[in-house]
Amino acid sequence: MYLDRTKTQLVCRHPTIAIIGGGYSGAAVALHLAHRGAAARVIVYEPRAELGRGLAYSTSDPDHRLNVPDSKMTLFSHDPLHFRHWLSSADLPRLPAGSATLAGDIFAPRAVFGQYVAAALAPLLAAGRIEHCRASATSIRKQGAGFAVRDDRGQVQKVEAVVLAVSHPPPALPPELRALADDPGLITHTAGEAALAGLAPQDRVLIVGSGLTSADVLATLMRQEGRAPVHVLSRHGWRSQPHGPKQAETSADFAAEPASTALALLRKVRAAVRAEAARGITWHAVFDRLRAQGPAIWAALPLPERQRFLRHLRALWDIHRFRIAPQTHATLCEAERRKRAVFHAARLLGAERQAGGLLVTIRPRGARLWQSLTVDKVVLATGPAHAQVIAGNPALAALAGQGLVQPDPLKLGLATAPDGRAIGQAGPVDGLFVAGPLARGTVGELMGVPEVTAWAEHVAGQILASLPSPATQG
Ligand SMILES: Cc1cc2nc3c(=O)[nH]c(=O)nc-3n(C[C@H](O)[C@H](O)[C@H](O)COP(=O)(O)OP(=O)(O)OC[C@H]3O[C@@H](n4cnc5c(N)ncnc54)[C@H](O)[C@@H]3O)c2cc1C
């Protein structure tokens with residue numbers, strides 16, 4: 001609690017922290033603020049009905065599964081098995097058959113993980129230690145030492161600190177699909193109940209992108225009786241890899257003497273994979289270690305090397321690091337075997353509506369001639385357009401207009417200092433923090449729950465340390 005001397009000596013109130021975005025990142029920061037006993041009002045601005053779900057955990061499709069086993073999904077870094085224990089508690093939601101693997105890992109529907117986060121937040125919401133403001137922030141302005149947050153109901157809240165947790169914007173329309181921009185056959189949003197409902201079994205479908213979103217779409221479509229073949233397009237034809245066997249940990253170490261170039265890193269990884277293979281350990285363990293040591297590895301790469309990594313190695317990194325649930329992998333393999341899913345390694349050249357449907361032209365990898373596909377629907381599964389997050393979000397655009405946020409040099413999100421503060425035109429901005437994947441440019445790997453949790457814990461600590469204390473204010 002602190003004295004607000006700008007109004008009257010008698011006004012005494014807690015500082016207020018506004019968290020913009022109540023997906024997993026915003027919810028995790030709120031939870032850790034509350035758990036650390038923050039003497040602050042914590043308001044989460046989130047238009048969705050429930051906190052913690054965001055883009056990833058709002059799906060109700062039981063075949064949209066976690067791509068990480070239960071033992072690695074936790075709200076508390078010090079307790080990696082927290083989600084696993086919750087799953088085996090009395091509140092256990094019904095898991096669909098086949099959620100557990102023979103090795104004992106559970107790959108639950110993502111909706112269940114959303115329930116887990118909601119269950120952790122429920123007592124804090126009930127006690128008023130976290131408030132859910134079911135609105136979108138439309139503008140954030142610097143005001144004195146704090147900020148004024150305006151929402152889409154027209155209400156303005158004065159706060160001492162702001163956390164930006166608005167991670168995933170919609171995908172960007174590739175220039176080759178521009179002619180379909182207003183065409184009802186183009187599906188750009190794949191999340192949510194209604195998104196795929198318009199795809200009838202007889203529809204000829206092309207999915208652009210072959211990552212995890214594409215896998216979700218395929219998992220839904222493959223349940224349809226009499227489903228027409230689905231075409232899946234990606235430049236390299238690479239797909240997210242499945243998980244490996246249960247095995248010993250790798251002894252590979254990338255943090256003690258971290259590589260200072262992307263090439264040196266690649267060589268180290270190759271050498272480690274070879275050495276571990278000789279001990280019967282698969283590449284999965286090496287990539288798990290890379291992920292765990294991600295911040296140290298990233299910190300040692302100068303900016304041009306980070307750019308080089310993203311240019312040359314990102315696609316490879318993504319398919320090994322973003323693994324797919326075994327159940328989804330089995331569905332995709334079976335669909336490919338039965339020719340219900342056809343994977344193309346090809347470049348998209350263009351698309352237009354013609355009498356018989358949408359004519360899409362592609363050039364297969366390594367070929368000189370183009371091919372055409374006629375489909376009824378094109379589904380965009382190229383992933384969130386993080387480089388456009390500021391332009392697409394009025395609250396961020398307002399901050400950028402005041403020079404308080406800017407894209408990070410790699411265009412992965414927002415420029416962020418190691419302590420979590422947003423970096424504006426004049427340097428780190430006091431009281432303004434970035435949570436979740438938008439801080440990736442600084443942290444390195446910051447997409448999956450283990451890393452997002454650790455960053456949320458760090459940011460919560462930094463916020464509390466930065467708030468005015470009763471001693472200094474009184
Ligand atoms: C499809 C998908 C599946 C994934 N699966 C896994 C997995 O299995 N395992 C794993 O470890 N990781 C997974 N991840 C990664 C990870 O969990 C996400 O990166 C994480 O959910 C990030 O959440 P977020 O809250 O930062 O962002 P988001 O989920 O994008 O949430 C941001 C929230 O901000 C809100 N918002 C935006 N603008 C405003 C505004 N102006 N005012 C108020 N609210 C606003 C939005 O409504 C949204 O709810 C997955 C990610 C995706 C996209």
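**Close-up 1. Helices α5 and α6 cross with a right-handed twist in this predicted model.** The contact brings together Val269, Ala272, Val273 and Glu276 from α5 with Trp283, Ala285, Val286 and Leu290 from α6. Sort those residues by class and you get seven nonpolar, no polar and one charged. As for the geometry, α5 covers residues 262–278 and α6 covers residues 283–292. Their axes sit 9 Å apart, and the packing angle is about 140°. Angles over 145 would count as roughly antiparallel, so this pair is oblique instead.

**Close-up 2. Val163 and Leu164 sit in the largest nonpolar core.** This core has 124 residues, and Val163 and Leu164 are the ones with the most contacts inside it. Zoom in on Val163 and, leaving aside residues up to four places away in sequence, you'll find that it touches Ile17, Ile19, Ile20, Gly26 and Val29. Val163 also touches Phe433, Ala435 and Val459. As a bit of background, nonpolar side chains tend to be buried together in soluble globular proteins.

**Close-up 3. Gln388 sits in a loop and touches Pro169 and Ala172.** The loop in question runs between β16 (377–380) and α10 (389–392). Those two contacts, with Pro169 and Ala172, are what you get when residues up to four places away in sequence are not counted. Take the Ala172 partner: along the sequence it is 216 residues from Gln388, yet in space the C-alpha to C-alpha distance is 8.1 Å. Is Gln388 buried or exposed? It lands in between, as partly exposed, because it has 15 C-beta neighbours inside 10 Å.

**Close-up 4. Lys339 is a loop residue with a positive phi.** Look for it between α9 (326–337) and β13 (341–354). Its phi is about 60°, although Lys339 is not a glycine. Why does Lys339 count as exposed? It has 8 C-beta neighbours inside 10 Å, and a residue with 12 or fewer goes in the exposed class.

**Close-up 5. Lys411 is a loop lysine with a positive phi.** Here the loop joins α11 (394–401) to β17 (421–424). Phi of Lys411 is near 60°, and this residue is something other than glycine. With 14 other C-beta atoms within 10 Å, Lys411 comes out as partly exposed.

Notes:
Residues are numbered from 1 along each chain as its sequence is written. This is a predicted model: local features need pLDDT of at least 70, side-chain atom pairs count only at pLDDT 80 or more; totals for chains, interfaces and linings use all residues. Helices (H or I, at least four residues) and strands (E, at least two) are DSSP runs, numbered from the N terminus. A residue is buried if 20 or more other C-beta atoms lie within 10 Å of its own, exposed if 12 or fewer, and partly exposed in between; C-beta atoms are placed from the backbone. Two residues are in contact if their C-beta atoms, placed from the backbone, lie within 7 Å. A nonpolar core is a set of buried Ala, Val, Leu, Ile, Met, Phe, Trp, Tyr and Cys residues joined through C-beta atoms within 7 Å. Axes are lines fitted to C-alpha atoms, for helices over the stretch in contact, and angles run from 0 to 180 degrees between N-to-C directions. Angles under 35 degrees count as roughly parallel, over 145 as roughly antiparallel, 65 to 115 as roughly perpendicular and the rest as oblique. A crossing is left-handed if the near helix is turned anticlockwise from the far one by less than a right angle, and right-handed if clockwise. Ala, Val, Leu, Ile, Met, Phe, Trp, Tyr, Cys and Pro count as nonpolar, Asp, Glu, Lys and Arg as charged, and the others, Gly among them, as polar.
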